[in-house]
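Thanks for joining, everyone. I would like to spend a few minutes on the backbone geometry of one model, so please have the viewer open.

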Amino acid sequence: MPELPTSIPPNSPRLPNQRWQIYSPQPQQAEQFANEIGLSCLLAQVLVNRGIDSMEEVQGFIEPESLILPAPLDEFPDLAASVKLLREAISAGQKIAICGDYDADGMTSTALLLRALRALGANVDYAIPSRMHEGYGINDRIVEEFHAEGVALILTVDNGIAAYGPVARARELGVKVIITDHHDLPPKLPPADAILNPKLIAESSPYRGLAGVGVAYVLAITLAQDLNKVGGLVNPLLELFTLGTIADLAPLTGVNRRWVKRGLRLLPHSQLAGVQALIQVAGVQAANGETLPLLHSKSQSNNTLKPEDIGFRLGPRINAVGRLADPQIVIELLTTDDRELALKNAMQCEQINQRRQELCQEIEQEAIAWCEQSAINLQQQRVLVVVQPGWHHGVIGIVASRLLERYGVPVFIGTFEDEAGETGNIIRGSARGIPEFNVFDGLNFCADLLTKFGGHKAAGGFSMPAKNLEQFRKQLSIFANQCLQPEHLKPLVSVDVRADLAEINLDLYRQIDALEPCGIENKAPVFWTPNVCITEQKIVGKGGHVKLTATQDEKGSASVKGIAWRWGEYFPLPRRVDIAYRLRENSFNGKISVELELLGVRLPASAASSRPSMFGKVEFDYCDRTYSCSLSPTGSQEELRIRNSQGQVLAVAPGQSIGLLGNSRQDAKEVDVSLPFFENLIQTAKHALGIRSQI
């Protein structure tokens, strides 16, 4: 056994600082739904939690194609005028220019309308503002360049609703403007020729939750229908709609639910060379299980992507380009029919995304180190403001989300930038909020200190003179103290329903397909199981993930493997815990199984009253070597056993200074475990098992 360092981690286990919110069970209604549609009672309870309270609503939720939806022309007041403007420009051969945005929604919107308008015979080009030098949205420079190039009609996508000045400038120059956007409305709307924004229609409308790409899709399809040229357009555009909608975290309700469900079935067999290349590079594979028939619907092959395939695999590769490089790479990727060019651009997306991951990790580590050294009293401040030089502002929004997960408070993160030849006199940042804290309202509370800001309830961006930083921090804290109570200052884990591990199987996992697509405002089901025993656990991967086995009964018959992403700092977990989790599919050597994806963990209510009688095995890595340890019954006592990779076992009884070391008990030799080498090894094993008592 190799010798271990003498410094030993503290014995008390550290757990995520979380608050759990568990839905109240509604067993009668859940059982009624389960019996009528052939769904597990666990998932029927999830439907109840989503606010569904009638069989008619269940039908519409599970089969969104059965719903009768109003026509977009009846919902969007300016849609007919927008179609007329585009039809006239196409007919006259006038030049049309799209002004897009550099996030996934903006880039997919731009690509969608480029494809559609070119297919419909338009003379069309595009521009996207510089993230580094100009920031979000159409501006005077773009307007004037479009005018100089002879553009007759400007079409904004995923921006423009707050751009009063640039739109007014375009009108002064005689250029017509159609705004397509989905962001919150300003007090005064721009003087555009037409505005398409779901915030301008009734809150009850099924189109209310459209992202920018959704508004672009509605406009493109309505125009194609008006020109009688729909053939061959719908499916490719629907794929781009699906990519942008999920990547932009739009709510998967209303028409989004219906159209995303269609798009997820199309993507595995994409007609777009760029999407095929992106799927290939990202290593995404469609699910191929069978969907259980519900509501007497026809069973169909589940050859479809899941929203998480886009949210965690495809979307980040698109977004990374907008954060760090030239959005033209993505626009070209999503509009080309050249497979060789598509693969080249997809590889660029992959490389840029790897760089984005590295930057995020570096900045996150630096931000955490600053927070720990600063010893900020978050219970008092109730908001975290972190500003450091040298950070890339294109990725700090992602880091803000990670800090929020860690500390449970609203996070405002920024970096210093140069302006007008001066070094570091401007701060530019991003913000992320918790449910009880409105980010946009918080920024508005500090408007007198900011040069520019925008956003919505959950996220935002801002810039300000560096000299205002301390006052900004104080003012935000005042606002946070007005709306947050101490109990809010923990990351929230929203839990749907209690389940026994014996109920976790592939049938249950496949039934979840009936609830898909899951995402914003229709989250994947979160289960919880009390008082499980973590019988095995170890650290895997560069990100410090904890791989584990959870067991619920003494015989170990209800045992499920799981993963806790980026929980290395909480390793080892206590042996007895309550766990909250989603389900995930694991495919290894052709064998498919269901696993747990841990979201929450807490000590069970009985943890302090008694010591568990279950004896588990824990793996721990030290000095690049892996050991396993366990407590095993021997007579009336528990014996600590530590095994190395060569199969040697060190066995130590409580209170003894002599242990046994060998490959078997028969050939074991006595060793003095008070020697530093063995003492350090034993203390490390005890820490891994979460043991405080003396052995």
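In which loop is the place of P572? Before anything else, please keep in mind that this is a predicted model. P572 sits in the loop between β16, residues 559-564, and β17, residues 576-588, and the bond that joins F571 to P572 is a cis peptide bond, with omega at about -5 degrees.

A cis peptide bond also joins E516 and P517, and there omega is about 0 degrees. If you move the view to P517, you will find this proline in the loop that runs between α20, residues 506-511, and β14, residues 527-540. As background, most peptide bonds are trans, and most residues other than glycine have a negative phi.

That brings me to phi. Going back to the loop between β16 and β17, we also meet R566 there, and R566, although it is not a glycine, has a positive phi of about 60 degrees.

The other residue I want to show is D158, which is not a glycine either and has a positive phi near 60 degrees. D158 lies in the loop between β4, residues 151-157, and α8, residues 164-172.

Are these two residues, D158 and R566, buried or partly exposed? D158 has a relative accessibility of 1%, and because buried means under 20%, D158 counts as buried. For R566 the relative accessibility is 33%, which lies between the 20% and 50% cut-offs, so R566 counts as partly exposed.

Terms used
Residues are numbered from 1 along each chain as its sequence is written. This is a predicted model: local features need pLDDT of at least 70, side-chain atom pairs count only at pLDDT 80 or more; totals for chains, interfaces and linings use all residues. Side-chain values use heavy atoms; hydrogens and water are left out. Helices (H or I, at least four residues) and strands (E, at least two) are DSSP runs, numbered from the N terminus. Buried means under 20% relative accessible area, exposed over 50%, partly exposed in between (1.4 Å probe, protein chains only).
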